[in-house]
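Please work through the exercises below with the sequence and the coordinates at hand, and try each task before reading its solution.

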Amino acid sequence: MTLTERDGAAGARGAPDGLYGILAGFAGRAAATTGIGKDPVNLPMIRHWCEAIGDAHPAYRGPDAVAPPTMLQAWTMGGLSGHTDRSSAHEELFALLDGAGYTSVVATDCEQEYLRPLRPGDEITFDTVIESVSELKTTKLGTGHFVTTRTDVRAGGELAGTHRFRILKYAPAARRPKPAAPETADTKPAARPVRRPRPVINRDNAGFWEGVAAHRLLVQRCGDCATLRFPWLPGCADCGSREWDTVEASGAGTVFSYVVMHHPSFPAFTASDDPAAAGGPYAVGLIELAEGVRMISNVVGVPYDKVRIGMPVRLEFLRADEELELPVFRAEGED
């Protein structure tokens, strides 16, 4: 879920007992001063990042490699042991919010600005400041305050980029039980079928979903360098070309990685050939297609605890309801 100070906010309310005046006083206070990155920029971390993301751009390997710009925050993270050179301002602010009942937290968004590329061997330092604390906001999650921090990342003393990170510290909204009204044969409403959540379809991916409706799994191909790409994008990440056509995937693939999802029973999943039908755990796989691109989808036809990395799978189309079909992957050899 993504929230901002305006999205989903019903407006600001005055904080009790002048709390907001105290919270606002944290704006501008340092959370870390001249923090030191635990590792210099290095090729192994760049390689692991690119393999996890699936980014094979040649700029990120070889003797003249640079780090992917979106790795900016990675070089400042403290790992499991954390940082020991942080100021107390951040902890003091969170203690005040926790004490006022805003005990839950959700990350809402981040912004990054890149000023120069980072290269292997660069020694990283950074300064973090509490940039702002919002007035009291009401969201669907609950009421609380948005806290924005800004980290300036330097390499060899030169500013390389800026990372803004925003979270919401909130008190969860109470769920109001619906009063039970007596029902009769005349007043009982007809049950409405619960439908699967709809995919977001826009001008960039509409062609993909048109292919799915025709039982075709279409992969974009750059019109200039012929690089295949998935998910669908308006331009090529390798050469920048906006020209493209499509190739139809064969449907063969393997499980490159997967996670097991746990969630309560949901009616929309109870009438389908889906491992989630009973509301229990199910596997979501990162499928590497025979064509070399990867996509995320359900692994069906096998218990979630039997899914394995490297397992061969085959594309099929799951009829979710009268209007929606979805591409899923059935474990090979499973009925």
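The exercises that follow concern a predicted model, and each task is followed by its worked solution.

**Exercise 1. The open sheet**

Task: Determine in what order the three strands of the open sheet are arranged, and which of them stand at the edges.

Solution: Begin with the pairing, in which β8 (residues 218-222) is joined to β9 by two bridges, the two strands running antiparallel. One residue pair to look for here is R221 with its bridge partner L228 in β9. Taking the three strands together, the order is β9-β8-β10, with antiparallel pairing. The edges are therefore occupied by β9 (228-229) and β10 (244-248), because each has a single partner strand and one side of each is left without a neighbour in the sheet.

**Exercise 2. The pairing of β7**

Task: Find how many bridges join β7 to β3 and how many join β6 to β7.

Solution: Start with β3 (residues 104-114), which runs antiparallel to β7 (residues 158-172) and is joined to it by 10 bridges; within this pairing, D109 stands opposite R166. Next turn to β6, which is joined to β7 by 14 bridges, again in an antiparallel arrangement, and here T151 stands opposite H163. Finally, inspect the connection between β6 and β7, where a hairpin with two residues between the strands is found, and where G156 in the turn has a positive phi of about 60°.

**Exercise 3. A loop threonine**

Task: Decide whether T139 is buried or exposed, and identify which backbone nitrogen its side chain reaches.

Solution: First locate T139, which lies in the loop between β5 (136-138) and β6 (142-155). Its relative accessible area is 7%, and T139 is therefore buried, the cut-off being under 20%. The side chain of T139 reaches the backbone nitrogen of L141, at 3.1 Å.

**Exercise 4. Cores and the largest pocket**

Task: Establish which residues have the most contacts inside the largest nonpolar core, and which residues are closest to the centre of the largest pocket.

Solution: The largest nonpolar core has 27 residues, and those with the most contacts inside it are L217, V255, I287, L289, V299 and F329. Elements that give two or more residues to this core include α4 (206-213), β8 and β14 (312-319). A second, separate core has 15 residues, among them C50 and A155. Turning to the largest pocket, about 750 Å³ of space lies in it; 23 residues line this pocket, and I53, G54, D55, R229 and F230 are the closest to its centre. The largest share of the lining, three residues, comes from β13.

Conventions
Residues are numbered from 1 along each chain as its sequence is written. This is a predicted model: local features need pLDDT of at least 70, side-chain atom pairs count only at pLDDT 80 or more; totals for chains, interfaces and linings use all residues. Side-chain values use heavy atoms; hydrogens and water are left out. Two strands pair if DSSP finds at least two bridges between them. Helices (H or I, at least four residues) and strands (E, at least two) are DSSP runs, numbered from the N terminus. A nonpolar core is a set of buried Ala, Val, Leu, Ile, Met, Phe, Trp, Tyr and Cys residues joined through side-chain atoms within 4.5 Å. Buried means under 20% relative accessible area, exposed over 50%, partly exposed in between (1.4 Å probe, protein chains only). A polar contact is a pair of N or O atoms within 3.5 Å; within protein, one must be able to donate a hydrogen and the other to accept it, and residues adjacent in sequence count only if both atoms are side-chain atoms. On a 1 Å grid over the protein atoms alone, a cavity is a set of points where a 1.4 Å probe fits but cannot get out, and a pocket is an open set with protein on both sides within 12 Å along at least five of seven lines; lining residues have an atom within 4 Å of a point. Grid points are joined across faces, edges and corners, and a volume is the space filled by probe spheres set on the points.
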